[in-house]
Amino acid sequence: MQSAIPSPAVRVSNVSLNYYTPERETLALSNVSLDIEEGDFVAIVGSSGCGKSTLLSLVSGLIRPSQGDISVGGKLVYAPSPKVGYMFQKDTLLEWRTVLENALIGAELLGLDMKKAKARAQDLLIRYGLGEFLHAYPAQLSGGMRQRAALARTLCPDPDLLLLDEPFSALDYQIRLALSEEIAAILSEEGKTVILVTHDIGEAISMANRVIVMSRRPGRIKSEHRITFPSYGAARPMPLAARKCPEFAGYFQAIWDELDMHQVQ
Ligand code: ADP
Ligand code: MG
């Protein structure tokens, strides 16, 4: 699918990030470089506190690097852009707005044509199985439904690049599996470039075509794994099918060993 973003879709060059608080200075990321091509689905894995969310916030333009540059679509990132959708770990739905009104928040903030935005939001919500809940309030939804509503809100302005920060981590395992299957289907249909942050190795391998492993703080890129499933044939399997492919266990073991998961913090 043609998109407005030329190649590479995202370039992170020699980026470091320091956080300053009255008590201390924290080097959260050190010298991170990464190129992401249009249509890539990149998963970033690493233990808690290694700087995954920081990296997404930098790509989104919410924070600026202490050193280095970030560009999206060939343009240096200085501030959040409508071309980039950012979905946080917590769904951040507004409890006093209906599901449809929540899905329209991004479009409102960006000053988009609200008639068109409403039609798209409705269409997305219906496709995500929330057609009967357009005028319901978030409190009436299950955890999985809330995440789908949050995804509709993120996709409503039609961003080229989607940043997902542990979108399934608050959900039970079974729901997480089902939702990652649904979201993978939605995203491959929409042809978006995606960066997914997760600490779940299986989720990363089953959804992404590239898995980037980050080291402990200060976060650095430790390694990259290109994920392919030749046993499945030329097409990319959906996440549940990917988990059943013989290649899956090999990737899992390699990434597990690199992550040092037995040294739980
Ligand atoms: P992850 O998402 O991988 O768990 P984060 O990017 O949230 O990691 O955090 C990386 C490091 O930076 C952690 O040590 C965290 O405590 C610190 N940190 C994150 N946000 C801030 C902030 N706003 N101010 C100070 N330190 C922060
Ligand atoms: Mg995080």
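**Figure 1. The whole chain and its surface.** The chain exposes about 12,700 Å², and carbon and sulfur atoms supply 54% of that area. Please keep in mind as you look around that this is a predicted model. Nine helices and ten strands make up the list of elements to find in the chain. With a radius of gyration of 18 Å, close to the 18 Å given by the globule rule for 265 residues, the chain is as compact as a globular protein of that length. Along its principal axes, the C-alpha trace spans about 45 × 45 × 40 Å.

**Figure 2. Inside the chain: burial, contacts and charge.** Of the 265 residues in the chain, 51% are buried. Contacts tell us how distant parts of the sequence meet: among those between residues at least 6 apart in sequence, 70% join residues at least 24 apart. The side chains include 27 positive and 30 negative ones, and the centres of these two sets lie 3 Å apart.

**Figure 3. The hairpin of strands E1 and E2.** Here you can follow strand E1 (residues 10–20) and strand E2 (residues 25–36), which run antiparallel and are joined by eight bridges. Four residues form the hairpin connection from E1 to E2. At this pair of strands, look for Tyr20, which stands opposite Glu25 in E2.

**Figure 4. Two asparagines with positive phi.** Let us stay with the hairpin strands and zoom in on Asn14 in strand E1. Asn14 is not a glycine, yet its phi is positive, at about 50 degrees. With a relative accessible area of 44%, Asn14 is partly exposed. Strand E2 holds Asn31, another residue that is not a glycine but has a positive phi of about 50 degrees. The relative accessible area of Asn31 is 49%, so this residue counts as partly exposed.

**Figure 5. Helix H1 and the glycine that follows.** Helix H1 covers residues 52–60, and eight of its nine residues are buried, so the helix is largely enclosed by the rest of the structure. The buried residues in H1 are Lys52, Thr54, Leu55, Leu56, Ser57, Leu58, Val59 and Ser60. Step just past the end of H1 and you meet Gly61, where phi is positive at about 90 degrees.

**Figure 6. Gly85 in strand E6.** This view centres on Gly85, found in strand E6 (residues 84–87). Gly85 has a relative accessibility of 6% and therefore counts as buried. Which residues is Gly85 in contact with, leaving aside its neighbours within four places in sequence? They are Thr154, Pro159, Leu161, Leu162 and Leu163.

**Figure 7. Arg153 in helix H5.** Now move to Arg153, part of helix H5 (residues 143–155). Although 68 residues separate Gly85 and Arg153 along the chain, their C-alpha atoms are 9.0 Å apart. Is Arg153 buried or exposed? Arg153 counts as buried because its relative accessibility is 14%, and the cut-off for buried is under 20%. Not counting residues up to four places away in sequence, Arg153 touches Asp91, Thr92, Leu93, Asn102, Ala103, Ile105 and Gly106.

**Figure 8. A cis peptide bond at Pro218.** For the last stop, find the loop between strand E9 (210–214) and strand E10 (221–226), where Pro218 has its place. The peptide bond that joins Arg217 and Pro218 is cis, with omega at about -5 degrees.

Conventions
Residues numbered from 1 in each chain as written. Chains lettered and ligands numbered in written order. Predicted model: local features only at pLDDT ≥ 70, side-chain atom pairs only at ≥ 80, totals over all residues. Heavy atoms only, no water. Rg over C-alpha atoms; globule rule 2.2 N^0.38 Å. Buried < 20%, exposed > 50% of the residue type's maximum accessible area, 1.4 Å probe, protein only. Contact = heavy atoms within 4.5 Å. Areas by Shrake-Rupley, 256 points an atom, 1.4 Å probe, with all protein chains shown as cover. Lys, Arg positive; Asp, Glu negative; His and termini not counted. Charge placed at Lys NZ, Arg CZ, Asp CG, Glu CD. Pairing = 2+ DSSP bridges.
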